[in-house]
Amino acid sequence: MISKNKYILIIAAFVLLFSVFFLLSQSDSSKKDTLTNKTETYNPASETIDSYDNSNPEKAKIFMKGSDTILPVSIAESKAYIELFPETEIIVIGGGSSLGIASFIESEVEIAMASRKMRESEFANAISNGIEPVETVIGWDGISVIVNKNNPVESLSIEQLKNIYTGEVTNWKELGGNNEEIEVLVRDSSSGTYGFFKEHVLQDNEYSESAITEPNTEAIVQKVALDTAAIGYIGLAYVDDSVKTIGLGTYDGIFYPEAESITNGNYPLSRPLQYYTNGQPKGTIKEYIEFVLSNSGQEILSEVGYLPVN
């Protein structure tokens, strides 16, 4: 027979054991709830602009590629947009307008950055792939012709510029400069600036065989800054104090790549900068482009060195 005192002790031990199991169970449940809350409140704002994380399907993503001229604009615009909308992820890659358009045609990117218009053949290829290219002009540029700061030449006519780049004129003394063989620098053929310059200056004639192809705009600026005989062409935003911008002569006078001459059309190498999307922009893409065209977005574009659309 179990005594009354022992019976009470057994009952008390059972109650104590049950209480311990209950508390452990509640603690474990609380940990699970905490882990769940951490997952649900994950903030992607710490992600960098260069990452493109497909592991989070809820994250709004934009992938754009193309013009090195537009590249600094898109990077600046994207960073500002992500600060406002940290749930958005954007990747921006240069490489030239032709590369961006080709990737766009193959549905590899949502936006093609282009410093030239799409060609008819590119439009046809896009349509055949089920892509409907829609153009949005985001700003204006004036292709700047640059020479070394010690070069005495201050301006060239479009015809003289054409003769330099086709190889008909090879020495600066023929143009009032020093007795030096002209070092002709060009962008690679995938560049929209390369194509625009060829069309509007060379009138679709071929570049001189002696022209030196540089991989990007920065390389052209660096080469011209160091070489007194060099000449190159670059986007307006890349001009700095290390080189000299020369004027371009037309029937109406000599014009420099400045805001007024570009916007009123007097500067002969003015051009629009554009995004191409598949159909009218929608969703996050539409919201991003609207931001670029907003007052804040156009201020960013101006700070980079280009001219706003309005």
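Modeller: Two strands count as paired if DSSP finds at least two bridges between them. Helices (H or I, at least four residues) and strands (E, at least two) are DSSP runs, numbered from the N terminus. The model is predicted, so that local features need pLDDT of at least 70 and side-chain atom pairs count only at pLDDT 80 or more, whereas totals for chains, interfaces and linings use all residues. Residues are numbered from 1 along each chain as its sequence is written, and side-chain values use heavy atoms, with hydrogens and water left out.

Colleague: Which strands stand at the edges of the sheet that contains β7 and β9?

Modeller: That open sheet has five strands in the order β8-β7-β9-β5-β10, with mixed pairing. Pairing on one side only marks the edge strands, β8 (212-214) and β10.

Colleague: Which residue is the bridge partner of arginine 187 in β8?

Modeller: β7 and β8 run parallel and are joined by three bridges. In β8, the partner of arginine 187 is glutamate 214.

Colleague: At what angle to β9 does α7 run?

Modeller: Axes are lines fitted to C-alpha atoms, for helices over the stretch in contact (heavy atoms within 4.5 Å). Angles between N-to-C directions run from 0 to 180 degrees. Helix α5 (residues 158-166) lies across β5, β7 and β9 (230-234), at about 110° to β9. Helix α7 lies across β5, β7, β8 and β9, and its angle to β9 is about 150°.

Colleague: Why is one side of β2 and of β4 left without a neighbour in the sheet, and what is the average twist from one strand to the next?

Modeller: The strands of this open, mixed sheet follow the order β2-β1-β3-β13-β4. Because β2 (88-93) and β4 (133-142) stand at the edges, each has a single partner strand. From one strand to the next, the twist averages 20°.

Colleague: Which helix packs on this sheet, touching β1, β2, β3, β4 and β13?

Modeller: Within the sheet, β3 (residues 111-114) and β13 (residues 270-278) pair in the antiparallel sense over three bridges, and methionine 113 has tyrosine 275 as its bridge partner in β13. The helix that touches β1 (60-66), β2, β3, β4 and β13 has a direction at about 170° to that of β2, and it is α2 (residues 71-84).

Colleague: How many residues apart in sequence are the parts tied together by lysine 244 and glutamate 154?

Modeller: A salt bridge is a side-chain nitrogen of Lys or Arg within 4 Å of a carboxyl oxygen of Asp or Glu, and the N to O distance for lysine 244 and glutamate 154 is 3.3 Å. Lysine 244 lies in β10 (residues 244-245) and glutamate 154 in the loop between β5 (144-147) and β6 (155-157), so the residue separation is 90.

Colleague: Is glutamate 122 buried or exposed?

Modeller: Glutamate 122 forms a salt bridge with arginine 119, with the closest N and O atoms 3.5 Å apart. Buried means under 20% relative accessible area, exposed over 50%, and partly exposed in between (1.4 Å probe, protein chains only). Arginine 119 is partly exposed at 40%. With a relative accessibility of 10%, glutamate 122 is buried.

Colleague: What arc do the buried residues Ile285, Tyr288, Ile289, Phe291 and Val292 cover around the axis of α9?

Modeller: These five residues are buried in α9 (residues 283-293). They lie on the same side of the helix because their arc, taken from the directions from the helix axis to the C-beta atoms, is only 155°.
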